[in-house]
Structures are given as C-alpha cells and as structure tokens.
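Here is a friendly walk through one protein, from its overall build down to a few single residues. Have the structure open beside you as you read.

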Amino acid sequence: MEKKILHVLEGREKKITETETVRQSLPTMAFRFASPFIVVHHMVPKYYAPGAPEERLHPHPHRGFAPVTFMLQGQGYHRDSAGNAMTVSAGDVQWMFAGKGILHSEGPSAEFLEKGGDYELLQLWFNVPAAHKGEDPYYQYVKAADMPSVAQEPGVRLTLISGDYEGKTGPLKNFTPITAIWGKLDSGSQVTLTATRNYWTLLYIIDGKVQVNGVETEGYHLIVFDKDDPATDIHIQALENTRVLYLCAEPINEPVAAKDNFVMNTAEEIEQAFADYKAGKFGTLEK
C-alpha cells in the first residue's frame, strides 16, 4: 500500500551569507523537524567562469549533530579544526560529526574555480542522540563508486549512500539507522521504494517533476510521509528527467533545541555551546 503524504514543503530562498542563498525546505513554519533530519539546504546550481575568485563560507562552529554534504555538481573543498582537509567531487558525499565542537569552512575548490563550471550541492543536518553529542568530532568521505546500485528499473539510476536496502549496505555510517538513496530517473520511468514502518521517511525532489503516491510535485520540494501510517510503498513516476534524494530513518525521540549552528536538547545547552565557542574551545582554523 502507498504511504500517506503528510506535507509537501517548498524550499524557500534563505540568505546564509552576504553572497550565498540556499533553498530551505526544512525546517519551515508548516513543519519543524523529523529528527534525525533537522535541516535541508539546497545550494542551487551556480555558474563560475574559469578563473573566478575564491568564494568560501569562512570558519564557523557546529556542535551536537552531523552536517552532511551531497555534492551534485562541481567540486568543493572542506577544512575543519580536527585537521580534515578534503575535496568533494560531484557524486560524492561527506559526513562531518561535529560532536562536542568543531570549526569548519567550505566552498568551491581552487581546481574547480580554475576550470569553472556549475556548482551545486545539498547540505543536510543529521541529529544524533544526546548520549553522543559530547564525543570527539570525526569525518567520513564516501565516493560515488563505492555506493551500490539499488531499486534497479529501466531508466532508474539510484545508489545507496547509507543504511541497509535490498540486502545491500551503504558505506556511510551513522549513530542511528538512516537509509539514504539518491540518483536520477529518466522521464517516463518509475520505481517503488520501500519505507520502514514507524520511521521518518522523506523524499527531496532536486529538480524535474514527479508524481509520488498520486501527488504531483517538482524540484525544490520536500515530501514528508506520515511515519504512523503502516503502509510502506513510495511510488515515484518521473514526468520529466528528475533527480531525487530519499531518506528513511529511525526517529530520535528526544527534545530538540536548535539555534544558529548548534543542535542540542535544551536551551541551556545551546547557551553553553555559544559560551564554549567564544572561549575558544572549538579549536582554531585559518580561512
């Protein structure tokens, strides 16, 4: 049976720096969180001419969750105060656990800017249970070539980033079970994905147009399914060439206090995060 749709949320423009704007479909006024999914940001395609000047999000703090970057086009460069430095190419995914506190910066890589091209990514915030929020930060990088193909149908090219699906296991590891699948559907193709009962299930339409469980929607929209509905089928029919990100996760049934770049359980913990950051406890990081 097809799973009931709870919300279809449009990604509205949100300015995150003086020069950068994203489409934010979570959180919204209509629907706050589906913990562990806290934030969905889509940095839409942006063209850089060959030799364009450097453009980066300068060092900023995080605590209590994992920012996850899904690179769609181009190549990004990540640095953090735990000593990680990595270029993230189109089709690859990086997962940075902020833990008790980290600084990081990101933006198009020097190699990409030299050649120019389109730059596009998704960044999601994955919450973690309170028991892990005070642990040391660490980093994972997953190449597209290491993601196994799943849900194979004509005109459908989907790969498994994390979690278990169809007897396969995605390479990205999380503190709680999260199945993440992404890829492309050719116009006219269709596929049915199977959700886990009582899990939060989301489908982000990156671009294109689809009909999902009888509801038509298009790019920059996030579909939130009713986790209490026992049905498990997510039927997707592509009306145009479409890119999607599918997510299904065990709920983290704990209070969520999210402010600025911190995701904790209480307002007091948020205030402590600000104080610790100002006191220099998140380490140091040059531009």
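## Overall build

This predicted model holds two helices and 26 strands. Its radius of gyration is 18 Å, close to the 19 Å that the globule rule gives for 287 residues, so the protein is as compact as a globular protein of that length. If you lay the C-alpha trace along its principal axes, the spans come to about 55 × 45 × 35 Å.

Contacts tell you how the chain comes together. Take those between residues at least 6 apart in sequence: 72% of them join residues at least 24 apart.

## Surface and charge

Of the 287 residues, 54% are buried. The protein exposes about 12600 Å², and carbon and sulfur atoms supply 48% of that area.

On the charge side, there are 27 positive and 37 negative charges. The mean positions of the two sets are 3 Å apart.

## The nonpolar cores

Which residues have the most contacts inside the largest nonpolar core? They are Phe37, Phe70, Phe126, Ile161 and Leu245, in a core of 33 residues. Several strands give two or more residues to this core, among them S4 (37-48), S6 (65-73), S11 (117-127) and S24 (242-249). A second, separate core has 24 residues, including Val150, Leu160, Ile181 and Ile205.

Phe126 is a good place to zoom in on the largest core. Beyond its neighbours within four places in sequence, Phe126 is in contact with Pro36, Phe37, Phe65, Ala66, Val68, Phe70, Trp95, Asn174, Ile178 and Leu247.

## Thr217, a buried strand residue

Now find Thr217, which sits in strand S21 (residues 215-218). Is Thr217 buried or exposed? Its relative accessibility is 8%, and because buried means under 20%, Thr217 counts as buried.

Setting aside residues up to four places away in sequence, Thr217 touches Val8, Ile205, Lys209, Val210 and Ile223. One of these, Ile205, belongs to the second core. For a sense of distance, Thr217 and Pro50 are 167 residues apart in sequence and 35 Å apart in space, C-alpha to C-alpha.

## Ala275, a partly exposed helix residue

Finally, look at helix H2 (residues 267-278), where Ala275 lies. Ala275 has 39% relative accessibility, so it counts as partly exposed. Along the chain, Ala275 and Trp95 are 180 residues apart, and their C-alpha atoms are separated by 25 Å. You have already met Trp95 as one of the contacts of Phe126.

How values were computed: Residues are numbered from 1 along each chain as its sequence is written. This is a predicted model: local features need pLDDT of at least 70, side-chain atom pairs count only at pLDDT 80 or more; totals for chains, interfaces and linings use all residues. Side-chain values use heavy atoms; hydrogens and water are left out. Helices (H or I, at least four residues) and strands (E, at least two) are DSSP runs, numbered from the N terminus. Buried means under 20% relative accessible area, exposed over 50%, partly exposed in between (1.4 Å probe, protein chains only). Contact means heavy atoms within 4.5 Å. The radius of gyration is taken over C-alpha atoms; the globule rule is 2.2 Å times the number of residues to the power 0.38. Accessible areas come from the Shrake-Rupley method with a 1.4 Å probe; for residues, only the protein chains shown count as cover. Lys and Arg count as positive and Asp and Glu as negative; His and the chain ends are not counted. The place of a charge is taken as NZ of Lys, CZ of Arg, CG of Asp or CD of Glu. A nonpolar core is a set of buried Ala, Val, Leu, Ile, Met, Phe, Trp, Tyr and Cys residues joined through side-chain atoms within 4.5 Å.
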